Amino acid sequence: MTDPSSVDGSLRLPAGFELIAQDPRLGPLMLRSLERVEQRLDEAVQATDRLADVTARHLLAAGGKRVRPLLTLLAAEVAGEITDEVIEAAVVVELTHLASLYHDDVMDSAPLRRGVETAHTVWGNTVAILTGDMIFARASAMVSALGQEPLMIQATTFERLVIGQLQETTGPAEDEDPVAHYLQVLAGKTGSLIAASGQYGALLGGAPRDVVDLMVVYGEKVGLAFQLADDIIDLTGPPDVSGKTLGTDLREGVDTLPVLLLRRHAAGADPEAAASAQEVLRLIDGDLTDDDALATAVAAVSSHPAAAEAWQIANRWADEAIAALEPLQDSVAKAALTEFAHAVVHRRG
């Protein structure tokens with residue numbers, strides 16, 4: 001039997017979009033549109049230079065959820081239609097995301113991405129950075145053909161991506177709340193491009209201006225929920241959901257939301273809560289090179305109330321994203337966007 005959530009058994013809808021696959025009209029339309037996006041992505045990264053062609057295809061060939069293109073297509077369907085321009089915009093957001101991964105992996109010294117060696121591991125930092133630059137340039141060239149407003153969306157989004165990475169690199173100011181800073185970083189690095197996905201789709205699909213603005217709000221909030229959930233799953237698993245060894249962020253010394261909340265509790269006025277948090281932090285801040293030590297630290301974080309508190313915050317952003325959709329007329333597309341926002345914070349098992 002043919003899988004309704006895939007095209008030719010290969011291209012599949014990501015988790016959270018089951019309503020689309022089950023709809024007799026929207027399901028086939030979305031899958032055909034995603035197939036067009038995939039074809040255009042392949043064309044967009046082609047290069048006459050042999051090395052550039054190989055490096056640009058490296059992460060594309062490794063796959064990916066294609067969440068941003070799908071949100072672009074759905075935003076067009078909410079109050080308009082999927083046009084050729086919408087398809088091009090869906091390609092632009094995925095190219096922009098792809099390019100940012102080349103740069104992120106260099107900055108994070110990440111050895112793997114999507115189950116394959118990262119570009120900088122294979123070809124070195126310079127080649128990886130230049131490949132990301134080339135893909136950014138291709139995305140810019142494509143969006144320039146879509147008009148002045150889409151071009152400005154791309155420029156603004158690119159700026160927010162860069163500033164988000166810069167803020168992550170420099171860390172919070174001395175008088176800045178680390179949790180607020182962390183959320184600001186996620187808004188720049190993840191929320192901005194997902195918001196742009198919704199904005200592109202609604203704008204180029206012919207939706208009224210109020211719907212375009214609404215999709216920006218939805219995208220920003222669901223993007224934050226999506227990244228918060230990813231960061232929490234890194235600590236609370238299970239591994240088949242996170243896709244990597246639990247506690248990777250802990251081992252690398254990256255403080256995500258659960259750890260930031262632990263540090264807040266440790267410095268708080270409640271002696272009992274502070275002592276409990278400090279006990280977990282002693283494990284986290286210790287030597288985690290040994291797998292058993294890492295597993296102990298992960299278990300301690302997962303069982304601490306800070307983990308549940310982090311999930312509450314992620315759920316709050318998802319709820320706000322769903323609430324932003326309220327003014328829209330009921331449709332399968334709206335229901336799918338609602339389902340996706342719910343699904344991103346329910347990936348624990």
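## A walk through the helices

Start by selecting helix H8 and its surroundings: H5, helix H7 (125–144) and helix H9 (178–204) are among the parts that cover the buried residues of H8. Keep in mind throughout the tour that this is a predicted model.

**Stop 1: helix H8**

Now show H8 alone, residues 148–170. This helix has 23 residues, and from its first C-alpha to its last it reaches 33 Å, close to the 33 Å expected at 1.5 Å a residue. Which residues of H8 are buried? Select Pro150, Ile153, Gln154, Thr157, Leu161, Gly164 and Gln165 to see them. Then step just past the end of H8 and click on Gly171, which takes a positive phi of about 80 degrees.

**Stop 2: Arg66 and its loop**

Your next selection is Arg66, in the loop between helix H3 (50–61) and helix H4 (67–79). Here is some background for this stop: most residues other than glycine have a negative phi. Arg66 is not a glycine, and yet its phi is positive, at about 60 degrees.

Is Arg66 buried or exposed? Its relative accessibility is 6%, and buried means under 20%, so Arg66 counts as buried.

Now add Glu94 to the view. Glu94 and Arg66 form a salt bridge, and their closest N and O atoms are 3.2 Å apart. Glu94 lies in helix H5 while Arg66 sits in the loop between H3 and H4, so this pair ties together parts that are 28 residues apart in sequence. Glu94 is another buried residue, with 2% relative accessibility.

**Stop 3: other salt bridges**

How many salt bridges does a search of the whole structure find? The search finds 17. Two further examples are good ones to display.

Select Arg36 and Asp84: they form a salt bridge, with the closest N and O atoms 2.9 Å apart. This pair links distant parts of the chain, since Arg36 belongs to helix H2 (residues 26–44) and Asp84 to helix H5 (residues 84–108), 48 residues apart. Arg36 is partly exposed, having a relative accessible area of 37%.

Then move to Lys221 and Glu320, another salt bridge, where the closest N and O atoms are 2.8 Å apart. Lys221 is in helix H10 and Glu320 is in helix H16 (residues 305–324); the two are 99 residues apart, so this pair too links distant parts of the chain. Glu320 is partly exposed, with a relative accessible area of 32%.

Before leaving the charged residues, select Glu38, Arg66 and Glu94 together: salt bridges that share partners join them into one network.

**Stop 4: the nonpolar core**

In soluble globular proteins, nonpolar side chains tend to be buried together. The largest nonpolar core here has 110 residues, and Tyr218 and Leu250 touch the most other members. Which helix gives this core its largest share? Select helix H10 (residues 209–236), which supplies 14 residues.

Now centre the view on Leu250. Leaving aside residues up to four places away in sequence, Leu250 touches Asp234, Leu235, Val259, Ile284, Leu288, Leu294, Ala297, Val298 and Val301.

**Stop 5: aromatic rings**

For the last stop, display the aromatic side chains. A search of the whole structure finds three aromatic pairs. Finish by selecting Phe17, Phe226 and Phe340, which form one aromatic cluster.

Definitions and conventions:
Residues numbered from 1 in each chain as written. Predicted model: local features only at pLDDT ≥ 70, side-chain atom pairs only at ≥ 80, totals over all residues. Heavy atoms only, no water. Phe/Tyr/Trp six-rings, centres within 6.5 Å; stacked < 30°, edge-to-face > 60°. Core = buried A, V, L, I, M, F, W, Y, C linked by side-chain atoms within 4.5 Å. Buried < 20%, exposed > 50% of the residue type's maximum accessible area, 1.4 Å probe, protein only. Helix = DSSP H or I, 4+ residues; strand = E, 2+ residues; numbered from the N terminus. Contact = heavy atoms within 4.5 Å. Salt bridge = Lys/Arg side-chain N within 4 Å of Asp/Glu carboxyl O. Expected span 1.5 Å × (residues − 1).
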